[in-house]
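Work through the exercises below with the model open. Try each task before reading its solution.

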Amino acid sequence: MSINENLEKLSNACGITGRENEVKDLMIQLLKPHADEIQEDKMGNVIAIKKGNDKAPKIMLAAHMDEVGLMVKTITKDGFLQFSKMGGIDDRILPAQKVAVYTKKGIYSGIIGSKPPHIQKEEERKKIITYDDLFIDAGAENKEDAANMGIAIGDPVAFDIKYVKLCKDVVIGKAFDNRAGCIIMVEALRLLKETECTICAVGTVQEEVGLRGAATAAFGVDPDLAIALDVTIAGDVPGVREFDTTVKMGKGPALTISDSGLITHPKVLRWLIETAEEEKIPFQIESGLLGSTDAARISMTRQGIPSGNISIATRYIHSPVGMLSLKDIENSAKLTSAAIQKATKYF
Ligand SMILES: [Zn+2]
């Protein structure tokens, strides 16, 4: 299976934060051929272990499996579903979105509705409609009908967007944050030749609500160093200043100097930059970014774990549809596996 085919499967799967099962099953399938052992911890993190020599460093790779989305919060007597947001979602992108409600009796399509603009007052029209004034209309006639359909409070709701390959190596789809990281992790293990290091490739849960899975996974794995594989904001669309971010889609993996949760350990940064230079893999540097990744939490585990990020510059993250370059995925996987190969020189 190619990166394109596997990313399509991962992107179309549902993994709303805290409800990552579908993605987890796919990740187990994809990681299994490249691992000696697969474990799952009590929190739900998937850990693929490739055993090495006890004297060489133990490296943790982390890619979060969850995605931002919605969860059914209340069902009105008329059968409309009110919802809470799972992870950081901008209310402005919600109205009129097509969504998929995952219930015990199957998946239902629905639409996010609001009071029709025609009957909104002048001042109402100028305001952003916040999520608590919106609702999902799945066609249920009333509360009983919704219950008969199998819809229940707590059901996860995902944006209903299917993966599409556009021109050249550019693709669009749902949940690239962070199925992009998931596929880099799988591909990096596939490319990996014999290594002295023990690799723990972890698909983490609940990143979008505070890096929670990474906390328990890092404690359990107890690695010597770690790399989080994730997406970052591409600064190559109109309206973004160079000051805000310099990384661009298609220009190679982004290496973080600092974000709001992590200052990359200098040794880790040198290791990743020198590997990219020696292997002639294009890369970009980003610094001072708002937001953080699993690496922030991993780096604070136990007595501290030297950690860094390899990220994909992705357009429109945390919206229903993202855009990225498959070349960046390929180069990030190459960089990850080449870095592992050289790790004993640095650590
Ligand atoms: Zn992410």
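**Exercise 1. Aromatic pairs**

Task: Find how many aromatic pairs this predicted model holds, then classify the pair of Trp-271 and Phe-347.

Solution.
- Step 1. The count comes to four aromatic pairs.
- Step 2. Take Trp-271 and Phe-347: their ring centres lie 5.2 Å apart, with 85° between the planes.
- Step 3. Planes over 60 degrees apart count as edge-to-face, so this pair is edge-to-face.
- Step 4. Place the partners. Trp-271 belongs to helix H7 (residues 266–278), and Phe-347 to the segment after H9. They are 76 residues apart, and the pair links distant parts of the chain.
- Step 5. Check burial. Trp-271 has 0% relative accessibility, so it counts as buried. Phe-347 has 27%, so it counts as partly exposed.

**Exercise 2. Helix H9**

Task: Describe the span, bend and covering of helix H9 (residues 326–346).

Solution.
- Step 1. H9 has 21 residues, and 30 Å is expected at 1.5 Å a residue.
- Step 2. From first C-alpha to last, H9 reaches 29 Å, close to that expected value.
- Step 3. Look for a bend: H9 has one of about 40° at Ile-340.
- Step 4. Turn to covering. Of the 21 residues in H9, 15 are buried, and the helix is mostly covered.

**Exercise 3. The zinc site**

Task: Name the protein donors of the zinc ion, and assign the geometry of its site.

Solution.
- Step 1. List the donors. His-64 gives NE2, Asp-177 gives an OD atom, and Asp-230 is listed with OD twice. They lie 2.0 to 2.8 Å from the zinc ion.
- Step 2. Test the angles. Among the four donor atoms they run from 49 to 139°. A tetrahedral site needs all angles between 85 and 135 degrees, so that label fails and the site is irregular.
- Step 3. Read the spacing in sequence: H-x112-D-x52-D.
- Step 4. Place two donors. His-64 lies in strand E3 (residues 58–64) and Asp-177 in helix H5 (residues 176–191), so the pair ties together parts that are 113 residues apart in sequence.
- Step 5. Check burial: His-64 and Asp-177 are both buried.

**Exercise 4. A charge and a ring**

Task: Which ring does the charged end of Arg-302 sit over?

Solution.
- Step 1. The ring is that of Phe-219.
- Step 2. The charged end of Arg-302 is 4.1 Å from the centre of that ring.

**Exercise 5. Val-101**

Task: Is Val-101 buried or exposed, and how far is Val-101 from Val-170 in space?

Solution.
- Step 1. Val-101 sits in strand E6 (residues 98–103).
- Step 2. Its relative accessibility is 0%, so Val-101 counts as buried.
- Step 3. Val-101 and Val-170 are 28 Å apart, C-alpha to C-alpha, and 69 residues apart in sequence.

Notes: Residues numbered from 1 in each chain as written. Predicted model: local features only at pLDDT ≥ 70, side-chain atom pairs only at ≥ 80, totals over all residues. Heavy atoms only, no water. Donors = N, O, S within 2.8 Å, 3.2 Å for Na, K, Ca; no water. Tetrahedral: all angles 85-135°; square planar, octahedral: opposite > 155°, others 65-115°. Helix = DSSP H or I, 4+ residues; strand = E, 2+ residues; numbered from the N terminus. Buried < 20%, exposed > 50% of the residue type's maximum accessible area, 1.4 Å probe, protein only. Expected span 1.5 Å × (residues − 1). Bend = angle between axes of the 7 residues up to and from the residue. Phe/Tyr/Trp six-rings, centres within 6.5 Å; stacked < 30°, edge-to-face > 60°. Lys NZ or Arg CZ within 6 Å of the ring centre and 35° of its normal.
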